Structure formats: structure tokens, C-alpha cells
Amino acid sequence: MKHYTVMAVLCLAAAAPMPAWAGANCKANPKADWMSETDAKAKLEAQGYKIAKLKIDGNCYEIYGTNKDGKKVEIYFDTKSLDVVKAEIEK
């Protein structure tokens, strides 16, 4: 019986969708040096991004939303400088 349970779990895991790409490798800035989430969001919105979601992913700020051209984006930013570390932009 255990054999079938393990097989079912393996089959379900193989069928699960994989993320489009792994997270970014942002520099590990000391937390005291991070730009606040509020300031980061305001600065990015001033650059034309419409942010649906801003979250912390490891040592990065990650946004989901659209850019100034209205294209969907998923972008990872350095937490101190807001430099783009990795970006996926709708074509």
C-alpha cells in the first residue's frame, strides 16, 4: 500500500507546474541599509511602474505589475539602490 502512495505523490509532483525562472541573486545588504518598502514603491511608481504586488524575496525587492508601456513585469531590485537585478517583461 505504501508503494502506491509514494508513486501517487511522485506523479503529482511531476505534474505540478514549475516556476518560469528562479529568483534573483541580490547582494545581501545589511537591513539597516535597505530602502524602506514605502520609499521603494514610491520611487518605482515615479518611474512609471504600476505595482500590483511588492514583496521581499531573499535579499531582493520583487514587484509584479506593469511598466510605463503597460507590459506585465516581474522584476527583482537591489534593496539598497533599487538597481534591477533580474527582469522578466512581457513581449
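**Secondary structure and sheet organisation**

The chain contains 2 helices and 4 strands. The model described here is predicted. Along the sequence, these elements succeed one another in the pattern α-α-β-β-β-β.

The 4 strands assemble into an open sheet, in which the order is β1-β2-β3-β4 and the pairing is antiparallel. The edges of this sheet are occupied by β1 (50-57) and β4 (84-89); each has a single partner strand, so one side of each is left without a neighbour in the sheet. From one strand to the next, the twist averages 15 degrees. In general, the strands of a sheet pair through backbone hydrogen bonds, in either a parallel or an antiparallel manner. Between β1 and β2 (residues 60-66), which run antiparallel, there are 7 bridges. Within this pairing, Ile56 lies opposite Tyr61 of β2.

Helix α2, spanning residues 37-46, packs on the sheet. Its contacts extend to β1, β2 and β3 (72-78), and the direction of helix α2 makes an angle of about 140 degrees with that of β1.

At the level of the whole chain, 26% of the 91 residues are buried. The exposed surface of the chain amounts to about 6,500 Å², of which 57% is supplied by carbon and sulfur atoms. Among contacts in the chain with a separation of 6 or more, 35% are accounted for by residues 24 or more positions apart.

Technical notes. Residues are numbered from 1 along each chain as its sequence is written. This is a predicted model: local features need pLDDT of at least 70, side-chain atom pairs count only at pLDDT 80 or more; totals for chains, interfaces and linings use all residues. Side-chain values use heavy atoms; hydrogens and water are left out. Two strands pair if DSSP finds at least two bridges between them. Axes are lines fitted to C-alpha atoms, for helices over the stretch in contact, and angles run from 0 to 180 degrees between N-to-C directions. Contact means heavy atoms within 4.5 Å. Buried means under 20% relative accessible area, exposed over 50%, partly exposed in between (1.4 Å probe, protein chains only). Accessible areas come from the Shrake-Rupley method with a 1.4 Å probe; for residues, only the protein chains shown count as cover.
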